[in-house]
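Student: I have a model open and a list of labels I want to challenge. Can we go through them one by one?

Tutor: Gladly. Ask what each label rests on.

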Amino acid sequence: MKKDAPLVVVIDGQGGMIGRKLCDQLLEEKPDLSLLALGTNSAATSAMLKGKAKQGATGENPVLVAARRAAVIAGPASIVVADSMLGEITPKMASAIGQSEAEKVLIPLNRCGILIAGVQDCPVDELIEKAAAMILKLIA
């Protein structure tokens with residue numbers, strides 16, 4: 001990762017497929033992007049690293065540290081809700097992400113009991129494309 005480049009942190013849990021698709025989309029558009037893939041479990045981290053992500057870590061502490069350094073934090077909307085993703089998002093993680101000065105780009109999935117009014121029901125791939133476009137615009 002380039003030290004002077006804005007850090008984009010992608011956080012995902014469970015199987016990590018949303019995070020993997022988002023990382024792949026971002027790195028396809030901007031291969032030199034300073035990106036860190038963080039999984040709430042090893043399966044999620046592994047999925048992102050099997051894609052185009054070059055650097056990743058797993059668990060609560062990497063999320064806490066990265067939240068302080070990130071320019072952008074992205075992932076499913078549930079990353080800002082304690083005990084979501086079947087309990088994988090700890091209260092400390094949700095708090096660190098929410099309190100971070102980073103811009104947050106959240107993908108609204110109607111799972112995990114989180115419904116966001118006014119958001120059009122779209123296929124996941126379309127939501128990921130929109131999220132990637134937002135992130136690239138933020139760091140341009």
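Student: Start with Met85. Why is Met85 called buried?

Tutor: This is a predicted model, so every value here is computed from it. Met85 has a relative accessible area of 3%. Buried means under 20%. Met85 is therefore buried.

Student: Where does Met85 lie?

Tutor: Met85 lies in helix H4. Its phi is near 50 degrees, a positive value in a residue other than glycine.

Student: Which other residue has a positive phi although it is not a glycine?

Tutor: Asp83, with a phi of about 70 degrees. Asp83 sits in the loop between S4 and H4.

Student: Is Asp83 buried or exposed?

Tutor: Asp83 has 52% relative accessibility. The cut-off for exposed is over 50%. Asp83 therefore counts as exposed.

Student: What makes Ser84 buried?

Tutor: Its relative accessible area is 6%. The limit is under 20%, so Ser84 is buried. Ser84 lies in helix H4, residues 84–87. Leaving out residues up to four places away in sequence, Ser84 touches Ser78 and Ile89.

Student: And why is Ser95 called partly exposed?

Tutor: Ser95 has a relative accessible area of 32%. Buried is under 20% and exposed is over 50%, with partly exposed in between. So Ser95 is partly exposed. Ser95 is in helix H5, residues 91–99. Its C-alpha atom is separated by 9.7 Å from that of Ala67, and the two residues are 28 apart along the chain.

Student: Asp24 carries a charged side chain by class. Why does Asp24 count as buried?

Tutor: Asp24 has 17% relative accessibility. Under 20% is buried, so Asp24 counts as buried. Its place is in helix H1. Asp24 touches Gly51, Lys52 and Ala53, not counting residues up to four places away in sequence.

Student: Now the sheet. In what order do the strands stand?

Tutor: The sheet is open, with 5 strands in the order S3-S2-S1-S4-S5 and parallel pairing.

Student: What makes S3 and S5 edge strands?

Tutor: Strand S3 (56–58) and strand S5 (103–107) each have a single partner strand. One side of each is therefore left without a neighbour in the sheet. The twist averages 20 degrees from one strand to the next.

Student: How do you know that S2 and S3 pair?

Tutor: Pairing needs at least two bridges. S2 (residues 35–39) and S3 have 3 bridges, in the parallel sense. So they pair. Leu38 stands opposite Ala57 in S3.

Student: How many bridges join S1 to S2, and S1 to S4?

Tutor: S1 and S2 run parallel and are joined by 5 bridges. Val8 has Leu35 as its bridge partner in S2. S1 and S4 pair in the parallel sense over 3 bridges. Val10 stands opposite Ala74 in S4.

Student: And S4 with S5?

Tutor: They pair over 5 bridges, again in the parallel sense. Gly75 stands opposite Leu106 in S5.

Student: Why is S1 called largely enclosed?

Tutor: In S1, 5 of the 5 residues are buried, so the rest of the structure largely encloses S1. In a regular strand the side chains alternate between the two faces of the sheet. Here both faces are covered: Val8, Val10 and Asp12 are buried on one side, Val9 and Ile11 on the other.

Student: Why is S4 called largely enclosed?

Tutor: 5 of the 5 residues of S4 are buried, so S4 too is largely enclosed by the rest of the structure.

Student: Which strands does helix H6 lie across?

Tutor: H6 (residues 124–139) lies across S1, S4 and S5 and runs at about 170 degrees to S5.

Student: Why are H1 and H6 called oblique to each other?

Tutor: Their axes cross at roughly 45 degrees and come within 9 Å. Under 35 degrees would be roughly parallel, and 65 to 115 roughly perpendicular. The angle fits neither range, so H1 and H6 are oblique. The crossing of H1 past H6 is right-handed.

Student: Which residue classes make the contact of H1 with H6?

Tutor: The contact has 9 nonpolar, 1 polar and 4 charged residues.

Key
Residues are numbered from 1 along each chain as its sequence is written. This is a predicted model: local features need pLDDT of at least 70, side-chain atom pairs count only at pLDDT 80 or more; totals for chains, interfaces and linings use all residues. Side-chain values use heavy atoms; hydrogens and water are left out. Helices (H or I, at least four residues) and strands (E, at least two) are DSSP runs, numbered from the N terminus. Axes are lines fitted to C-alpha atoms, for helices over the stretch in contact, and angles run from 0 to 180 degrees between N-to-C directions. Contact means heavy atoms within 4.5 Å. Angles under 35 degrees count as roughly parallel, over 145 as roughly antiparallel, 65 to 115 as roughly perpendicular and the rest as oblique. A crossing is left-handed if the near helix is turned anticlockwise from the far one by less than a right angle, and right-handed if clockwise. Buried means under 20% relative accessible area, exposed over 50%, partly exposed in between (1.4 Å probe, protein chains only).
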